[in-house]
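Work through these exercises with the sequence and the model side by side. Each task is followed by a solution in steps.

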Amino acid sequence: MSNIQHIPELHRFQIDLEGLEAGHISYRIINYHEWEVDHTEVSPGFRNRGLAKQLVDHIISYAAERNIKLIASCDYAARFIEPAPNAW
């Protein structure tokens, strides 16, 4: 069973499996209500289990509950986080 925890001092969410860090997603605080998701990583031994998607889903839910707007510079996360209007 996976366990996702927020580590605010490192600006990241971490997923643990089998007692080990399996992956993380990090963000940069732009302002109180806006974060930039800048990196998603899953350790090689834990890939192909859908963990990166779990991390993205978790940060999206966390942000939605707190009215935090997300933007993504991470290519993987950008596939699931809608671009801001007028971003292009």
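Is Ser26 buried or exposed? Ser26 is buried, because its relative accessible area is 13% and buried means under 20%. Keep in mind that this is a predicted model.

**Exercise 1. Place Ser26 and list its neighbours.**

Step 1. Find the element. Ser26 lies in strand β3.

Step 2. Look across to the next strand. The bridge partner of Ser26 in β4 is His39.

Step 3. Check the side chain. Ser26 and Asp38 are joined by a side-chain polar contact of 2.6 Å.

Step 4. Collect the contacts. Leaving out residues up to four places away in sequence, Ser26 touches His11, Arg12, Glu36, Val37, Asp38 and His39. Asp38, the polar partner, is in this list. His39, the bridge partner, is there too.

**Exercise 2. Do the same for Arg12, one of the residues that Ser26 touches.**

Step 1. Find the element. Arg12 is in strand β2, which covers residues 12-17.

Step 2. Decide on burial. The relative accessible area of Arg12 is 14%. The cut-off for buried is under 20%, so Arg12 counts as buried.

Step 3. Find the polar partner. The side chain of Arg12 makes a polar contact of 2.7 Å with the side chain of Glu21.

Step 4. List the touching residues. Beyond four places in sequence, Arg12 touches Gln5, His6, Ile7, Glu21, His24, Ile25, Ser26 and Tyr27. Glu21 appears here as a contact and in Step 3 as the polar partner.

**Exercise 3. Trace the strand pairing from β2 to β5, giving the direction and the number of bridges for each pair.**

Step 1. Start with β2 and β3. Strand β3 spans residues 20-31, and six bridges join it to β2. The two run antiparallel. One of the bridges pairs Leu17 with Leu20 in β3.

Step 2. Inspect the turn. β2 and β3 form a hairpin with two residues between them. Glu18 sits in that turn and has a positive phi of about 55 degrees.

Step 3. Go on to β3 and β4. Eight bridges join them, and they run antiparallel. Asn31 has Glu34 in β4 as its bridge partner. Here too there is a hairpin, with two residues joining β3 to β4.

Step 4. Finish with β4 and β5. Four bridges link these strands, which run parallel. Val37 has Ala72 in β5 as its bridge partner.

Step 5. Put the directions in order. β2 with β3 is antiparallel, β3 with β4 is antiparallel, and β4 with β5 is parallel.

**Exercise 4. Examine the loops on either side of α1. Which residue in each has a positive phi without being a glycine?**

Step 1. Take the loop between β4 (34-42) and α1. Asn48 lies there. Its phi is positive, about 65 degrees, although Asn48 is not a glycine.

Step 2. Test its exposure. Asn48 has a relative accessible area of 84%. Exposed means over 50%, so Asn48 is exposed.

Step 3. Take the loop between α1 and β5. Asn67 lies there. Phi of Asn67 is near 55 degrees, again a positive value in a residue other than glycine.

Step 4. Apply the cut-off again. Asn67 has a relative accessible area of 59%, so Asn67 is exposed.

Step 5. Look at Glu65 in helix α1. Glu65 counts as exposed, at 63% relative accessibility. Its side chain is joined to that of Arg66 by a polar contact of 3.2 Å.

**Exercise 5. Describe the largest pocket: its volume, its lining and the chemical character of that lining.**

Step 1. State the volume. The largest pocket has about 160 Å³.

Step 2. Name the residues closest to the centre. Ten residues line the pocket, and the closest to its centre are Ile68, Lys69, Leu70, Ile81 and Glu82.

Step 3. Assign the lining to elements. α1 (51-65) and β5 (69-72) each give two or more residues. The largest share, three residues, comes from α1.

Step 4. Sort by chemistry. The lining has eight nonpolar residues, two charged ones and no polar ones.

Definitions and conventions: Residues are numbered from 1 along each chain as its sequence is written. This is a predicted model: local features need pLDDT of at least 70, side-chain atom pairs count only at pLDDT 80 or more; totals for chains, interfaces and linings use all residues. Side-chain values use heavy atoms; hydrogens and water are left out. On a 1 Å grid over the protein atoms alone, a cavity is a set of points where a 1.4 Å probe fits but cannot get out, and a pocket is an open set with protein on both sides within 12 Å along at least five of seven lines; lining residues have an atom within 4 Å of a point. Grid points are joined across faces, edges and corners, and a volume is the space filled by probe spheres set on the points. Ala, Val, Leu, Ile, Met, Phe, Trp, Tyr, Cys and Pro count as nonpolar, Asp, Glu, Lys and Arg as charged, and the others, Gly among them, as polar. Buried means under 20% relative accessible area, exposed over 50%, partly exposed in between (1.4 Å probe, protein chains only). A polar contact is a pair of N or O atoms within 3.5 Å; within protein, one must be able to donate a hydrogen and the other to accept it, and residues adjacent in sequence count only if both atoms are side-chain atoms. Contact means heavy atoms within 4.5 Å. Two strands pair if DSSP finds at least two bridges between them.
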